[in-house]
Every structure is written in C-alpha cells, then in structure tokens.
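Got your viewer open and your mouse ready? Let's take a walk through this model, one selection after another.

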Amino acid sequence: MPAAAPIIRCVQKLVLYETRARYFLVGSNHAETKYRVLKIDRTEPTDLVIIDDKHVYTQQEVRELLGRLDLGNRTKIGQKGSSGLSRAVSAFGVVGFVRFLEGYYIVLITKRRKMADIGGHAIYKIEDTNMIYIPNDSVRVTHPDETRYLRIFQNVDLSSNFYFSYSYDLSHSLQYNLTILRMPLEILKNETTQSRQEGFDIFEDEGLTTHGGSGVFGICSGPYKKYVWNSQLLDSVKNIVHHDWLLYVIHGFCGQSKLLIYGRPVYVTLIARRSSKFAGTRFLKRGANSEGDVANEVETEQILCDASVMSFSAGSYSSYVQVRGSVPLYWSQDISTMMPKPPITLDQADPFAHVAALHFDQMLQRFGSPIIILNLVKEREKRKHERILSEELVGAVTYLNQFLPPEHAIVYIPWDMAKYTKSKLCNVLDRLNVIAESVVKKTGFFVNRPDSYCSILRPDEKWNELGGFVVPTGRLQTGVLRTNCVDCLDRTNTAQFMVGKCALAYQLYSLGLIDKPNLQFDTDAVRLFEELYEDHGDTLSLQYGGSQLVHRVKTYRKIAPWTQHSKDIMQTLSRYYSNAFSDADRQDSINLFLGVFQPAEGKPHLWELPTDFYLHHKNTMSLSQARRSYTYWWTQGVLNHLPLPYDEGCLFSVTCTENRRKLIVKRFHKYEEEIDIHNEFFRPYELSCFDDTFCLAMTNSIRDFMPKNVGIDPSPFTVRKPDETGKSVMGNKTNREETVLQRKTAASAPPPPSEEAVSSSSEDDSGTDKEDEGAVSQRSTPVKMTDTGDNIKITENIVQSMKDIYGINLSDVPSEDDLTIYTRFVHLGQNQHKQDKSSQQLCSKHNLDGVINITHISSFSQDNIYEVQPPKADKKSIDIFHAHIQASRGIMQPLVKEDILMYREYIRNRYM
C-alpha cells in the first residue's frame with residue numbers, strides 16, 4: 001500500500017432542493033454512502049449567504065433531514081400539493097457563483113462525459129450547465145441591464161472544451177501530481193491537517209499508527225490558478241465551504257487514444273491547459289500584459305501510461321510538457337483598417353525587458369531550466385512585418401541572459417518555417433525533427449520508473465545523451481520548450497507535433513515498449529498521435545482564432561490531397577470573418593466570465609468601454625510601490641533549486657514551506673473511500689455493461705488505424721504503404737457481403753486514385769461510416785465471407801494480389817499446377833471429406849476428380865486435415881527422457897568422458 005494517495009472528492013452527485021426561503025444543495029459520493037449539505041439563503045436580494053455545517057451524513061440521516069425540512073415548510077399539514085420542499089435540479093458539480101447587478105446565480109454542471117482516464121482517475125468534459133437565480137422573487141430587485149449581462153456571460157459556452165476531475169489535479173502536470181505523492185513521511189506528518197471540528201475526522205487517527213502502518217496520507221493539492229477558469233466564480237465561497245465542494249475547471253483540450261502493442265494497452269493522452277490570464281481572441285489579445293502573462297498561452301502535456309496496471313504507485317507513467325504563447329513583448333495589431341494582416345506595432349519601449357523578465361520568471365518557477373524558445377516567425381521580408389518581433393525578442397533574451405548563470409541561460413532558436421516551406425529543396429519536417437531531438441535531449445521527460453535493465457545491457461547512444469534530472473524512482477523533466485509564431489496556431493501546432501513525436505519515442509523506449517527511441521511516419525502509432533494533435537490544434541485554433549487549422553502536418557509533408565487547398569481557403573475566410581465581426585463580443589464574454597470586469601452601480605457598463613486595455617494592465621490603474629530589480633529579475637530562491645522547478649523543489653525543502661501550505665494532507669485508513677481509487681474506478685456496487693465501458697469506446701490503434709488485409713504485421717510501429725489505412729476496403733467492392741467500411745482515421749497519406757470513391761481526406765466525416773456502425777461491430781475483425789458454390793469468387797480469392805496479402809510483388813503469377821494444389825487444399829479444408837452437390841459441380845468444372853477420393857493415413861475414425869499420426873520416439877530419446885525423470889528425483893547419471901571433454905571445451909572458449 002502506498003504511503004500517500006490523492007484524495008477523491010466526496011461531492012460527485014448533487015441534488016438541489018428548494019423552499020421559499022432556502023436552497024438546500026445535497027452532495028454525495030458516487031456510491032452514495034457519504035453526504036454533505038449546503039444551506040443557501042434566498043431572502044437576501046444582493047448578498048450570498050451560505051452555511052456549511054461540514055458534517056458528513058449517512059443516507060439515512062439525509063433522508064430524515066429532508067423529511068423534516070419538507071414537513072416543516074408546508075403551509076398546511078396534510079394539504080395536497082403543499083409540499084414545502086421540492087426537487088429543483090440534479091447536477092454533477094458546482095462551477096461557481098456569480099453576481100452582476102441583482103442577486104447571485106449558482107452555476108451547476110448538469111451533464112458530463114468521460115474523456116480520459118489516468119491511473120483510474122477520470123477526466124470529464126462539461127456537456128451542459130444550468131444557471132439558477134438564488135434570491136426569491138418576493139425580494140428580487142430588478143435592473144434593466146441584468147438580462148444583457150446574463151446573455152454576455154452565457155456566451156462563454158461551458159459545454160465547449162471545459163474539463164474537470166474529482167481526484168486528479170488538471171491544473172498541474174503529471175510530474176507534479178506524482179511528485180507530491182513521494183514527499184517524505186516526516187514532511188507529511190508535519191503537514192497533516194488538524195481539522196477536528198469536522199464530524200468525520202474525530203476517528204481520524206484510530207487504528208492508523210499501529211499494526212505495521214496501515215494508515216495512508218491523503219493529499220489534495222491546491223490548484224495552479226493560472227490555468228483555472230472558474231477561480232473567480234469560487235472566490236466568494238472558497239473560505240466558507242469544505243474543499244470537497246470546490247471543483248476547479250480548466251479550458252483547452254483533452255483527448256485519449258489506446259495504442260495496442262500486440263494486445264498490451266497503452267493509453268496516449270493529450271491535455272492542453274489554456275491560461276486564464278490575459279485570455280482573449282486573436283487580434284484583441286497580442287503580446288503580454290504588465291504582469292508577464294501572454295496571450296494564447298497554452299500548456300500541452302502528453303501522457304503515456306501502461307493501462308495493464310491501474311495504479312499510481314505500481315503503474316508505469318510518462319509525460320512530456322511543452323508550451324505555446326504569444327511573443328512576450330508589448331505589441332498589438334490595429335484591426336480598424338480591415339486588413340487580412342494588420343501591421344504590427346510595438347506599443348511601449350521596454351529597454352530592460354521588464355515584461356519578458358516577468359514571463360520567464362514564471363516559467364522558471366513552474367518548469368525549471370533550461371527554457372528553450374523556438375521562434376518560428378519570418379526572418380526575411382520585403383516589408384518589415386513579423387521581423388519586428390524577432391529583433392525585439394532577441395534583444396530581450398540577450399539582456400536577460402547576461403544575469404543568469406551560463407548553465408541556466410535561456411536558449412533561443414530562431415527558424416523561419418515559412419521560408420523553408422516555400423523551398424522545394426528543403427524538407428520542413430526533417431529540419432524540425434533535428435530541432436526536436438536537440439530539445440528533448442536538453443529537457444528530458446518525466447517517467448516514474450527507473451531505466452529498464454535491457455537499456456543498461458543494450459545502451460542506446462541517443463538515450464545516454466538524454467538530459468533531465470535522474471532520480472532513483474525515474475526521471476524528471478527540467479525545463480520546457482516554448483514555441484511561438486505570430487498567431488501560435490498553424491506553424492506552432494506542427495512544430496509541437498514534431499517535438500511531441502520525438503518525445504513519444506523516448507517515452508515508449510523508457511517503458512520498454514520499443515527497442516530504439518525512434519518513430520517513423522506512416523506507422524499506426526504516429527497516425528494515432530497525429531490525429532490527436534490535429535484535434536488538439538483545431539480546438540485551440542477555434543478558441544483563439546475562430547476557425548480550425550489552415551495548415552496541417554500533411555500540408556508541410558506536401559502530401560495533402562488536392563481538396564485540402566479549397567478547405568484551407570474556407571478556413572482562412574472563416575477566421576477572417578470571426579476576427580472582424582464576432583471577436584469583440586467573445587472578448588467581452590471572456591472578460592465578464594473570468595472576472596476581469598465586474599459590473600457595479602455607478603460604473604460604466606462593459607459594452608460602453610472603448611477598450612479593455614486598462615482591465616488587463618493593472619499598472620495603468622495604480623503605480624506599484626515595489627519595483628523589481630533590472631538585474632536580479634527572477635524570484636528569490638528560484639536559482640537555488642534549478643534545474644528543478646521551484647514549485648517542485650519547495651515540496652522537499654525543509655526551509656521553504658510556501659508551496660506546502662497549498663496542500664491538504666490528512667490521514668486515512670487504507671480502506672477509506674476517499675483514497676480508494678480501485679473502488680472509485682471499478683465501482684463494484686453498480687451494474688455495468690461492457691459495451692458502455694470507456695476503454696472500449698475510445699479510439700483504438702488496431703480498430704481505427706491498422707489495415708485489415710490478411711497477413712499484415714500487427715505491430716503499430718510498422719511502416720504502412722500510403723494506401724494502407726483503417727479505411728481500406730477488403731475484397732471486391734461490388735459485393736456488399738465482402739465490403740467492410742472502417743471508421744474515420746487521420747492517415748498521413750492521401751488515398752490512391754482508384755479508391756477515391758471509398759476513401760477521403762482525413763478531415764471528411766463520412767456518412768457511410770455511421771450507417772455501418774450498427775451493422776458491423778467496431779471491435780470486430782472484418783472477415784471475408786466466401787460462397788463455396790460460386791466458382792468466380794473462389795478464383796478471385798486464389799489470384800488475389802500478392803502485394804495486398806504479403807506486402808511484396810512476385811514476378812510471375814502462380815503456375816497451373818500450384819493453383820490446382822492450392823485449390824485441392826482449400827476444398828479439403830472446406831469439405832472435410834464430405835461430398836455435397838456444390839463441390840461435385842466445382843470438381844467437374846475443373847476436372848478435379850481425385851480431390852475427394854483420399855485414402856486414410858491413420859487409424860483415426862474420422863480422418864481430417866487437423867488430425868495426425870502420433871510420432872514414434874527412438875531409443876535414445878526415451879533414454880534421455882528417463883534420465884531427466886531420474887534427475888528430478890535426485891538420482892544423477894554418471895558423466896561419461898565425452899561430457900567432461902565437452903564441458904572443458906566450453907569453459908576454454910568462454911572464459912580463457
């Protein structure tokens with residue numbers, strides 16, 4: 001049993017009950033064995049009054065409580081239809097509380113969908129929400145602008161790419177979440193929360209300190225506020241209610257696919273966390289604000305876990321983190337001219353790189369060193385446009401590096417990706433692959449297990465050059481790659497994919513799944529990973545730019561189908577329309593949702609502001625009293641922990657207690673529900689159906705990417721031909737029984753011209769796929785049905801292309817004799833010596849009269865091709881077997897002279 005485990009929130013199912021004067025929010029764990037109750041006052045028109053008794057109820061106690069409330073709030077006892085307590089809504093979590101100009105609203109999650117699973121910890125996507133006005137109608141003070149604010153707030157679609165988890169901290173990386181579970185026991189004992197006031201904690205230490213340490217420390221980490229989008233909505237209650245009610249939500253992307261390696265399941269997860277600081281839309285949020293937060297900042301983490309073992313303590317996990325974000329300078333683009341590419345202007349002189357220093361200081365605290373900048377903007381232009389940013393960024397990095405120790409200096413890599421793309425002599429992805437190798441070698445990656453013994457026996461040159469921080473329990477990633485272009489969308493996504501592909505190879509190698517840390521294009525594993533990154537890029541592009549990706553990985557590989565060009569034009573037009581007409585409204589909604597603007601009486605309304613510049617740059621509203629040093633621009637104590645991140649290094653430091661104050665540490669019995677992730681994941685108390693199981697429904701490398709032709713190597717690391725995709729159609733296309741349509745894939749090569757009617761580009765959603773899902777199971781292997789009475793079909797099967805079956809071309813077709821022998825073998829297996837009319841007709845047509853008249857070759861009663869004669873053992877083999885049996889009984893045979901001479905010869909050749 002591990003010494004520490006994550007705490008599972010016991011508020012996962014909620015029911016809101018209503019009376020005229022109160023709302024009662026009843027929350028329970030998934031097993032409905034523990035309950036908590038919140039009382040919300042409805043008689044206050046503008047204030048939020050919440051009472052949490054912090055007591056844990058049983059199911060029986062909650063029923064009695066609700067019964068007493070119902071009875072006590074009836075107008076007349078026994079009168080029909082006068083129930084004092086009514087059920088308002090069921091939910092799965094509280095997003096928060098918000099107020100505009102009237103009273104408070106409560107935002108509840110009413111629908112959820114499981115998107116990923118990491119070691120039994122489920123990650124959910126919000127599918128639907130419900131906003132409920134808290135004050136009663138009798139005390140409500142109406143305001144004419146309340147409805148407009150409500151409409152602006154609801155423009156932030158919470159059902160679009162918002163995620164949460166009850167037991168896994170999505171705002172932190174996997175490396176951080178597993179690092180806090182390995183804190184020394186002495187530190188955990190000192191940090192144990194003393195909360196005797198809570199009813200369920202009075203037996204906290206009972207039976208925990210004796211009998212071999214059966215107690216387990218439950219740990220709940222405080223969120224990283226930068227990536228939490230409902231932090232402002234929970235601020236009004238976070239110090240009032242129990243932490244189980246606080247459900248932190250992130251915005252971005254989450255996708256998971258299953259990579260099957262000869263039946264061994266490996267989950268590939270991609271999580272993108274969008275920053276809630278300086279958040280907004282494309283042209284309205286550029287550069288950085290006065291606090292070092294940049295626009296379009298997204299932290300992308302790829303997680304690899306061996307799904308055959310579901311445990312944070314015993315399982316194998318690996319992760320790699322990289323970041324995208326706007327160039328950290330004061331710059332903007334004026335969109336009033338309605339130009340596709342507005343001119344870039346530097347808004348403020350920053351000779352001491354103040355804003356860049358604040359930004360990189362944040363990165364050093366969270367990621368450690370080295371910080372690597374991959375700048376993809378254009379270097380050579382006829383008219384100076386993007387180059388303005390490059391020149392300013394080079395100067396800022398050069399200035400900041402002169403004060404850092406050389407071993408922790410910021411690494412700057414400029415590379416004009418657009419220039420290389422236009423060149424016919426250069427391969428963009430080959431060059432990116434070289435950059436990716438050097439980056440991953442410098443930063444390393446996280447893995448929670450030590451190096452495999454096989455990698456020690458057969459060391460790889462690339463593996464020995466790998467950076468990072470090696471600990472007895474595995475490896476830690478130190479530093480991060482920060483990629484940017486102007487928009488941080490198309491070019492950035494392709495560059496991040498190449499770096500992620502390189503890191504994925506190292507991750508698979510570290511888990512002992514491949515023999516060399518290399519992955520090639522056109523393999524099932526890379527196709528699966530590419531589809532994840534395409535979805536990741538499309539989602540982030542829609543959030544910031546208003547359209548999907550314009551240039552994809554296939555575009556830079558120069559293998560995109562001709563139809564892709566027209567789609568790129570449409571996406572460009574969609575992005576331009578969104579930026580010109582709808583981005584301003586979206587920006588107002590984000591400002592209101594995140595609490596950047598808070599309505600108040602006597603204050604200008606949100607739609608009356610000419611700009612939101614003053615809302616995001618706090619130094620314009622008030623001057624800071626403390627000015628940061630121009631030379632020691634980092635936070636005190638950061639350099640002491642480098643190359644490790646300051647946030648993680650403080651967890652193990654005795655003197656630094658700042659980060660440990662954010663942890664909630666409690667002691668539990670090892671069978672308590674709050675830390676029993678096995679019970680939470682498998683849920684033995686409810687009836688489940690295999691068809692509804694999440695692991696069977698997720699994208700599968702064998703079902704969705706591996707070709708279904710006979711004789712195909714099932715390894716996901718085998719390079720496929722361009723026409724071998726999951727959409728391949730088997731057999732004759734005209735025969736409906738022999739045609740199996742596959743699911744939509746993201747194959748990295750275009751289909752051949754002969755299959756245009758069946759296959760399409762990776763972006764098309766084929767309608768025929770959905771029609772066939774009901775008739776053909778997604779988990780079944782396509783099987784070709786053959787009619788034994790049809791001569792033509794059998795002949796087609798026999799002369800099927802060798803390239804389709806074995807992947808090679810033969811110079812000559814099989815001879816007549818070979819075809820005859822093979823036909824006889826086929827009929828022998830089909831008929832098993834049983835004559836029927838169809839076989840007689842077939843034999844007469846082919847003049848194969850001797851096929852059925854076969855004499856018996858053994859004494860079996862019903863001879864067939866699966867039965868054989870038992871082998872006969874000679875005397876020498878029998879003697880060896882008897883000697884083996886005697887040796888097992890302790891009776892050894894004396895060594896003869898030949899044995900002694902053979903053994904001496906072996907010793908001489910082996911050791912002398």
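Which residue forms a salt bridge with lysine 125? Select glutamate 127: the closest N and O atoms of this pair are 3.1 Å apart. One thing to keep in mind as you click around is that this is a predicted model.

Now switch on the surface and compare the two partners. Lysine 125 has a relative accessible area of 10%, so it counts as buried, the cut-off being under 20%. Glutamate 127, with a relative accessible area of 30%, is partly exposed.

**Stop two: a long-range link**

Next, select lysine 34 and glutamate 672. These two form a salt bridge, with 3.3 Å between the closest N and O atoms. Lysine 34 sits in the loop between β3 (22–28) and β4 (35–41), and glutamate 672 in the loop between β24 (664–669) and α19 (677–682), so the pair ties together parts that are 638 residues apart in sequence. Is lysine 34 buried or exposed? Lysine 34 is buried, at a relative accessible area of 19%. Its partner, glutamate 672, is partly exposed at 28%.

While you're here, pick glutamate 32, which is in the loop between β3 and β4 too. Its phi is near 60°, a positive value in a residue other than glycine. Glutamate 32 has 32% relative accessibility and counts as partly exposed.

**Stop three: more salt bridges**

Type in 384 and 391. Here the side chains of lysine 384 and glutamate 391 meet in a salt bridge, 3.0 Å from N to O. Glutamate 391 is partly exposed, with a relative accessible area of 41%, and lysine 384 is partly exposed at 41% relative accessibility.

Then select Arg273, Glu299, Glu301 and Arg366 together. What links them? A network of salt bridges does. How many salt bridges are counted in the model? The count comes to 36.

**Stop four: backbone oddities**

Show the backbone as sticks and go to serine 369 and proline 370. A cis peptide bond joins them, with omega about 5°. You'll find proline 370 in the loop between α6 (354–367) and β18 (371–375).

Now jump to leucine 642 and proline 643. The peptide bond from leucine 642 to proline 643 is cis, and its omega is near 10°. Proline 643 belongs to the loop between α17 (638–641) and α18 (646–652).

Phenylalanine 278 is next. Where is it? Look in the loop between β13 (264–274) and β14 (298–306). Phenylalanine 278 has a phi near 55°, which is positive in a residue other than glycine. With 7% relative accessibility, phenylalanine 278 counts as buried.

**Stop five: two helices**

Back to cartoon view! Colour helix α9 (residues 428–443) and helix α12 (residues 490–510). Two packed helices are described by the angle between their axes and the distance between the axes. For α9 and α12, the angle is about 55° and the axes are 9 Å apart. Angles from 65 to 115 degrees would count as roughly perpendicular and those under 35 as roughly parallel, and α9 and α12 are therefore oblique to each other. Turn the view until one helix lies in front of the other: α9 passes α12 in a right-handed crossing.

**Stop six: a nonpolar patch**

Bring the surface back and select Tyr453, Ile456 and Leu457. Together they make a nonpolar surface patch of about 360 Å². Zoom in on isoleucine 456, which lies in helix α10 (residues 453–457). Why does isoleucine 456 count as exposed? Its relative accessibility is 54%, and the cut-off for exposed is over 50%, so it qualifies.

**Last stop: apart in sequence**

Two pairs finish the tour, and your viewer's distance tool will help. Start with phenylalanine 469, which is found in strand β21 (residues 469–471) and is partly exposed, at 32% relative accessible area. Add leucine 644: the two are 175 residues apart in sequence and 7.6 Å apart in space, C-alpha to C-alpha.

Then select proline 144, in the loop between β9 (121–133) and α2 (146–154). Proline 144 counts as exposed, with 73% relative accessibility. How many residues apart in sequence are proline 144 and glutamate 102? They are 42 residues apart in sequence, and the C-alpha to C-alpha distance is 9.9 Å.

Key:
Residues are numbered from 1 along each chain as its sequence is written. This is a predicted model: local features need pLDDT of at least 70, side-chain atom pairs count only at pLDDT 80 or more; totals for chains, interfaces and linings use all residues. Side-chain values use heavy atoms; hydrogens and water are left out. Patches are made of residues with over 30% relative accessible area and no salt bridge: like charges are joined within 9 Å, nonpolar side chains (Val, Leu, Ile, Met, Phe, Trp, Tyr) within 5 Å. Accessible areas come from the Shrake-Rupley method with a 1.4 Å probe; for residues, only the protein chains shown count as cover. A salt bridge is a side-chain nitrogen of Lys or Arg within 4 Å of a carboxyl oxygen of Asp or Glu. Helices (H or I, at least four residues) and strands (E, at least two) are DSSP runs, numbered from the N terminus. Buried means under 20% relative accessible area, exposed over 50%, partly exposed in between (1.4 Å probe, protein chains only). Axes are lines fitted to C-alpha atoms, for helices over the stretch in contact, and angles run from 0 to 180 degrees between N-to-C directions. Angles under 35 degrees count as roughly parallel, over 145 as roughly antiparallel, 65 to 115 as roughly perpendicular and the rest as oblique. A crossing is left-handed if the near helix is turned anticlockwise from the far one by less than a right angle, and right-handed if clockwise.
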